[in-house]
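Visitor: I am new to this structure and would like a close look at a single part of it, taken slowly. Could you begin with one residue, and then lead me from there to the place where empty space is left among the atoms?

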Amino acid sequence: CQFPYPLTLVGFGFASTSICARLFVWCKSSSVNLKALQMLAGYNWFRIVLPIGVCSAITVSTGNVAYLYLGVGFIQMLKALSPAIV
């Protein structure tokens, strides 16, 4: 059985992570530094946070799409090689 929607799965994962983080801050389970909030307000959010989120989503999405076309063993070998490349 193949799951044909890996990008949808990634989207649900990122959305649930975002919702949980917002709930933790809202419920005062965790705190955010006031200086950090001020630095990321307004246009700076688009300049700093959004590119990191987009690149992270692309990385995870392409990693999951690779499972549709490559063998699991080959992907595991590539993942093991990545620290040597970086």
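Guide: Asn64 has a relative accessible area of 27%, and it therefore counts as partly exposed, since that class runs from the 20% below which a residue is called buried up to the 50% above which it is called exposed. The model is a predicted one, and every value that follows is computed from it. Asn64 has its place in helix H3, and its C-alpha atom is separated by 20 Å from that of Val86, a residue 22 positions away along the chain.

Helix H3 also leads to the part you asked about, because it is one of the elements that give two or more residues to the lining of the largest pocket, together with helix H1 (6–26) and helix H2 (34–39), while H3 itself covers 43–69. As a general point, rolling a probe the size of a water molecule over the atoms shows where empty space is left. Here the largest pocket has a volume of about 530 Å³, and 14 residues line it, with Ser18, Ala21, Arg22, Trp45 and Val49 lying nearest its centre. When the lining is sorted by class, 10 of its residues are nonpolar, three are polar and one is charged.

Of the helices that contribute to this lining, H1 can be followed from end to end. With 21 residues at 1.5 Å a residue, H1 should span 30 Å, and its end C-alpha atoms are indeed 30 Å apart, so the expected and the computed lengths agree. Leu7 is found in this helix and, with a relative accessible area of 49%, is partly exposed. In sequence Leu7 and Ala57 are 50 residues apart, yet in space their C-alpha atoms are 9.2 Å from each other.

Just after H1, Lys28 takes a positive phi of about 65 degrees. Further on, in the loop between H1 and H2, comes Asn33, which counts as exposed at 52% relative accessibility. Asn33 and Pro4 are 29 residues apart in sequence, and C-alpha to C-alpha they are 41 Å apart in space.

Another residue to set beside the pocket is Leu81, which lies in helix H4 (residues 72–85) and counts as partly exposed at 45% relative accessibility. Its C-alpha atom is separated by 32 Å from that of Ala21, which is 60 residues away along the chain; Ala21 is one of the residues that lie nearest the centre of the largest pocket.

These parts belong to a protein whose secondary structure comes to four helices and zero strands, and whose elements run α-α-α-α from the N terminus on. Its radius of gyration is 17 Å, well over the 12 Å that the globule rule gives for 86 residues, so the protein is more spread out than a compact globule. Along the principal axes, its C-alpha atoms fill a box of roughly 45 × 30 × 25 Å. Buried residues make up 5% of the 86 residues, and the accessible surface comes to about 7,300 Å², of which 72% belongs to carbon and sulfur atoms.

Terms used: Residues are numbered from 1 along each chain as its sequence is written. This is a predicted model: local features need pLDDT of at least 70, side-chain atom pairs count only at pLDDT 80 or more; totals for chains, interfaces and linings use all residues. Side-chain values use heavy atoms; hydrogens and water are left out. On a 1 Å grid over the protein atoms alone, a cavity is a set of points where a 1.4 Å probe fits but cannot get out, and a pocket is an open set with protein on both sides within 12 Å along at least five of seven lines; lining residues have an atom within 4 Å of a point. Grid points are joined across faces, edges and corners, and a volume is the space filled by probe spheres set on the points. Ala, Val, Leu, Ile, Met, Phe, Trp, Tyr, Cys and Pro count as nonpolar, Asp, Glu, Lys and Arg as charged, and the others, Gly among them, as polar. Buried means under 20% relative accessible area, exposed over 50%, partly exposed in between (1.4 Å probe, protein chains only). The radius of gyration is taken over C-alpha atoms; the globule rule is 2.2 Å times the number of residues to the power 0.38. Accessible areas come from the Shrake-Rupley method with a 1.4 Å probe; for residues, only the protein chains shown count as cover. The expected span of a helix is 1.5 Å times one less than its number of residues.
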